[in-house]
Structure formats: structure tokens, C-alpha cells
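Here's a quick walk through the model, starting with one residue's surroundings and working outward. Have the sequence and structure open as you read.

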Amino acid sequence: MTALPPPQLTLSADEARRIALRAQGLLGVPDRRAGTRGVLRSLGAVQLDTISVLARSHELIPYARLGAVGREAVEHAYWSDDHAFEYWSHAACILPIEEWPHFAFRRRARRARGHRWHVLADAERSCATVLDRLRADGPLTSTELGGAKNGGPWWDWSETKIAVEWLLDTGEVVCTRRRSWKRVYDLAERAVPDALLHDDIDDAECMRRLVTQAGAAMGVATRADLADYHRLKGEQVAAVIADTGLVPVEVEGWGRPAWADPAALATEPRGRHRTTLLSPFDSLIWDRPRTERIFGFTHRLEAYTPKPKRIHGYFAMPLLAGGRLVGRVDPAREGRTLVARQVTLDNHKAVQAAADAIAEAAGWVGCEDARVERVLPETLREPLVSAVKRSHDRRWS
């Protein structure tokens, strides 16, 4: 491992925050021509999740950066032309197809392990059957392959589902699209461009590329931040970081070594701040310790918390305004009305930002009205209700 040079540059906490926002596409003029695909290439990973309240999380990511881009256009951008694939990165993520070689280390590790948490009764036969069907019939869902479940709970997978997921893990099969939220499986040799297909880069090069990409996507990051982005280990990051081109820096208040993307240091991070609601799975905030360090904002997803114990709501979405996280909105939909079940704001200065974000989100998902229910602190309820009405009326006038 190459010895690291001492940091030559000190960044203020405010500079680091703005660098992070710009790297994530939330500061400055968005490149609308590049659209959703440009957002995906820039971020390097967009997390998928089954929860759909305002919209599914992978739709919320480009919306947060580009504004009210059509939801059908977002889906088409992700799932057409074999432009992207789904694999295990930070979690289950949509990844640019160019990153296929970078995950060779993970595919090799899965093969070496020999099985998933599910065990196949006859692995050779089951996998051969799946591959034969895909060769003969083209891309198929697990239902089309023979069924995903054995009839029990969701984890009671059929032999076919276990086999095709194992083949996905190890790279013989790839998912480059979803249909009605179901993975559509295809042969990797057919869907991945030949120049990218073969796992011919070693583990160290995989790590170097992923750490470099994560550094560019975050702008400035600690070793733990870099590891978390694609779920690497700290020692894996440490082994390659000297060869990534990332620049050692010191960030005031962070209390630990950090590295910055040299491109992020080349120009002052200035421009228009986006006012928007963020998915809890947005890569700006998916690393909770990093979010607390950069924004002084503690956020937890409460969807799996019993309702009486929730503080901010089922799918509370952080409110980004002026480059800071200034509140939360827990949304729901009732017919053509977007309902803000609970809004929690830092102070009265966040009222108009929350109103604008709620009104824009309502229009994006096709709601004709927006209603505010509980607001904390309660003294801000009437000002927020009035501000939402004004913002909504402006959009519909």
C-alpha cells in the first residue's frame, strides 16, 4: 500500500457541504439535455426500493435534480436500450452499464461462496434449465420462467427463483429492465456489450475504479464515506486510495482524514440551489453518519417502525432548500390530492420552501390539490397552509 501524502488543503465545513451538493447535482444549473441517464452516470448508482408513496425512490432521484421530468420518461431512460443494469452496490441499485466490469470482484466472491442464503436442491439442473429457457425464449421474469414462490411467505422462493437470482449474483444472467416492478432476466452475453462483458480486471482494479467513482459522486469524503457508497470494506478503500487521483484534504470539524475529487476543487461550488423533497434513499443522504456530519441533520426511515413509535412519519422526506436540510414532509396520496400528513420544519424561514416543494411534488405526480395536516411546530401550520395554497394556485393559474 502506497504511503499517503499529508493533506495540502483545508476546506471549511461550508465549502465541503457545497462541494458535496454540486457533486450530487443539487447545486448549479442541471443538465436537462442529459436527463435521467446523465443523473445516473453522474451518481454512479441509484438505489431501488419497493416502497412507493409519492413515487418509487428511483423516480425521485432524477426528479430531485431535474424537476418535474415525466415519470414515464424516467422509467424509459432507465430500462431501455440496455443502458443500465441492476446489481448489488450500495443496495439493490440501477447502475450505468459501463460499470459492469467494476463489479467483477463481487461476482467472483459470490461464485467462491457457492450459494446464496437460499440453497438449491439441484443447482446444476436448476441453473441449466433457466439458462436454456432464456436462450430459447429471450428475456423473462421469474414468473414467466416458472414462478417465483413456493406458496409460503415472500422469502419462500421457488427453485427457479433461487437459480435465476444465483445466476444474477454470479454474472451469467443480468437484469437490464423491470416490467411492472418485476425483474426481467436476460443472458449477460446477450445484454452486456462485448467490450464490457468479461471479468478480466482484478479485484484491486475493481476497487480503484469504484472508489474513484464514489469520490467523484460525493465530491469530498472520508474513507468510511467512500466505502459505504458501493458497500466496500474500509481496508479495500485504504489499499487503493493512493492510486485513485483523489486529493487528501482536511475538512474543518470532520475530525478525520478526507479526500476530494480534483475536479470538484478546480472551481468554486456556486450556483442555484434546488428546493425539493428527497427520497430517504437518495445518495446525498443514504449514509446517515455522513448526513449528520455535513448537514447537522439526523434522519431515519420510519417505514418499518411501529406507527405509535414514529416521530416524523412513514416515509418522511427531508426538505432541501438553500443547500441545507431544513425539515421533513411525510407525504401520502388520496385520489388526486397530495396529503402532507406531517410536516416538521426547523423554523418559520422554511415555510415557503416547504410550500413550494409540496406544490411542485403534487403537480409532478398528477395531483390537482395539496392538503396539509399536522405541522410541527404547530404555530407554523396556518402559515404553511396559506403558503401551499398560494404556491399551488400559482402553478395552476
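Contact here means heavy atoms within 4.5 Å. By that rule, and leaving aside neighbours within four places in sequence, His-83 is in contact with Arg-37, Leu-40, Arg-41, Ala-77, Pro-96 and Ile-97. You'll find His-83 in the loop between helix H4 (71-79) and strand S3 (84-88); helices (H or I, at least four residues) and strands (E, at least two) are DSSP runs, numbered from the N terminus. Is His-83 buried or exposed? His-83 has a relative accessible area of 9%, so it is buried, where buried means under 20% relative accessible area, exposed over 50%, and partly exposed in between (1.4 Å probe, protein chains only).

A word on ground rules: this is a predicted model, so local features need pLDDT of at least 70 and side-chain atom pairs count only at pLDDT 80 or more, while totals for chains, interfaces and linings use all residues. Residues are numbered from 1 along each chain as its sequence is written, and side-chain values use heavy atoms, with hydrogens and water left out.

Now for the domains. The assignment, which is automatic or from a database, gives domain 1 (29-196) and domain 2 (308-394). Their centres, taken over C-alpha atoms, are 33 Å apart. Where the two meet, 11 residues of domain 1 are in contact with 12 of domain 2. The area buried between them is about 1100 Å², with carbon and sulfur atoms giving 76% of it; buried area is the accessible area (1.4 Å probe) that two parts lose on being put together, summed over both. On the domain 1 side, Val-53, Leu-54 and Tyr-63 lose the most area to domain 2, together 57% of what that side buries.

What holds charges across this interface? The count of salt bridges between domain 1 and domain 2 is zero. A salt bridge is a side-chain nitrogen of Lys or Arg within 4 Å of a carboxyl oxygen of Asp or Glu. Helix H3 (residues 57-66) supplies the largest share of the domain 1 side that touches domain 2, namely three residues. By class, that side has eight nonpolar, one polar and two charged residues; Ala, Val, Leu, Ile, Met, Phe, Trp, Tyr, Cys and Pro count as nonpolar, Asp, Glu, Lys and Arg as charged, and the others, Gly among them, as polar.

Elsewhere there are plenty of pairs to look at: the count comes to 33 salt bridges. Here are three of them.

| Salt bridge | Closest N to O |
|---|---|
| Asp-14 and Arg-324 | 3.5 Å |
| Arg-274 and Glu-360 | 3.2 Å |
| Arg-371 and Glu-373 | 3.0 Å |

Asp-14 sits in helix H1 and Arg-324 in strand S12 (residues 324-334), 310 residues apart, so this pair links distant parts of the chain. Asp-14 is partly exposed at 32% relative accessible area, and Arg-324 is partly exposed at 44%. Arg-274, in the loop between helix H14 (262-266) and strand S10 (276-277), pairs with Glu-360 of helix H16 (residues 351-364), 86 residues away. Both Arg-274 and Glu-360 are buried. For the third pair, Arg-371 is partly exposed at 33%, and Glu-373 is partly exposed at 31%. Shared partners also join Asp-14, Arg-17, Arg-18, Glu-268 and Arg-324 into one salt-bridge network.

Back in helix H1 (residues 13-23), the buried residues include Arg-17, Arg-18 and Ile-19. Just after H1, Gly-25 takes a positive phi of about 80°.
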